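Here's a quick briefing on how some of the strands and a helix fit together. Have the viewer open and follow along.

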Amino acid sequence: MLSEQILEVKNLKKYFDVGPRQVLKAVDDISFSIKRGSTLGLVGESGCGKTTVGRTLVSLYEADGGEIIFDGKDIMSANKKELKQLTRRMQMIYQDPYASLNPFFTVGEIISEGLIIHKIGANKKERMEIVYELLELVGLHREHANRFPHEFSGGQRQRVGIARSLAVEPEFIVCDEAISALDVSIQAQIVNLLVDFQDKMGLTYLFIAHDLSMVRYISDRTAVMYLGKLVELGDGDEVYSHPVHPYTQGLLSAVPIADPRRERSHKVQLLEGEVQSPINPKPGCRFFKRCPKATGICSEVTPELIDVGSGHMAACHNID
Ligand SMILES: Nc1ncnc2c1ncn2[C@@H]1O[C@H](COP(=O)(O)OP(=O)(O)OP(=O)(O)O)[C@@H](O)[C@H]1O
Ligand SMILES: [Mg+2]
């Protein structure tokens, strides 16, 4: 039976040793789940740990603690063979398709790589047929298979990146700033392509982005991260229309409003103050030095992510 939650993440930790007794807690005890066929948006300032979450989920990094349950199976206790089968079903699309596509390989070779690793297609001819199909699926042409990455535009390269990830028929894809480097009009094309594939193939996405309006458009739920912690998580428009965490409120107030009349009266609540270091973080809320609502407890006790009403979660001691 298919489990409703394709992914369940419990108390996930990913630490980096960055010097003698210097531990950088890039992802520090976070929990969330993603429903099959839905999109979870993940936002937060640069360096807060979004990419590290994505890379740990798809096993590009080994977690330092917690559990990653994919389709009911615990990834961390899987053996090598099971892990290979599980990771085929989880793919990643990167921000910079140029850096992630090997410049010495043709697009056909790049897309075939996963097919070879996972023994999809009996021979080269069969694999090339799959490559042609994939190229057409992402809006490119079969002739593009013989070209090299530098012969494409940024948007086309991202289509190649998507074709490569789809080649192994994944169920879950981490889109890490997949559209951030593209022009606005091309961004919309790529997002629509991703939405289209989601509808047709029942894909599940973790959609990481800086651009909050794009995340709002594509996501069924949104998670907000701050220095290795999840600070807010909610369904649909909840996080945008009723942000409860002071950090989310600050993050959203920096987003321009499309309506000029409302924009004029819109107060930008700047995120001021010192960002704490993720190296050997002290107990307490990591946002407290920048938080307009901080009280004594905030510097001492780390707030837990709790339900503040109908599944809307936040980690703050001072929610009104
Ligand atoms: N391989 C690594 N070794 C040491 N530190 C790392 C490594 N990868 C990431 N970090 C650190 O972990 C923290 C989180 O980085 P990460 O790349 O996950 O952030 P991000 O939210 O994706 O940022 P951005 O929005 O800029 O992409 C940062 O402080 C970063 O310097
Ligand atoms: Mg990143």
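A residue counts as buried here if 20 or more other C-beta atoms lie within 10 Å of its own, with C-beta atoms placed from the backbone. Keep in mind that this is a predicted model. With that cut-off in hand, take strand 10 (residues 229-235): six of its seven residues are buried, so the rest of the structure largely encloses it.

**Strand 10 and its partners**
- Strand 9 (residues 221-226) runs antiparallel to strand 10, and six bridges join the two.
- Within that pairing, Ala223 sits opposite Leu233 of strand 10.
- The hairpin of strand 9 and strand 10 has two residues between the strands, and Leu227 takes a positive phi near 40° there.
- Strand 10 is also joined to strand 12 (residues 313-314), again antiparallel, by two bridges.
- Leu233 turns up here too, standing opposite Met313 in strand 12.

**The four-stranded sheet**
- Strands 2-1-4-5, in that order, make an open sheet with antiparallel pairing.
- Strand 2 (22-35) and strand 5 (73-74) are the edge strands; each has a single partner strand, so one side of each has no neighbour in the sheet.
- Helix 1 (residues 50-57) packs on this sheet, touching strand 1 (5-19), strand 2 and strand 4, and its direction makes about 65° with that of strand 2.

**Down at the strand 5 edge**
- Strand 4 (residues 65-70) pairs with strand 5 over two bridges, in the antiparallel sense.
- For Phe70, the bridge partner in strand 5 is Lys73.

Notes. Residues are numbered from 1 along each chain as its sequence is written. Chains are lettered from A and ligands numbered from 1 in the order in which they are written. This is a predicted model: local features need pLDDT of at least 70, side-chain atom pairs count only at pLDDT 80 or more; totals for chains, interfaces and linings use all residues. Two strands pair if DSSP finds at least two bridges between them. Two residues are in contact if their C-beta atoms, placed from the backbone, lie within 7 Å. Axes are lines fitted to C-alpha atoms, for helices over the stretch in contact, and angles run from 0 to 180 degrees between N-to-C directions. A residue is buried if 20 or more other C-beta atoms lie within 10 Å of its own, exposed if 12 or fewer, and partly exposed in between; C-beta atoms are placed from the backbone.
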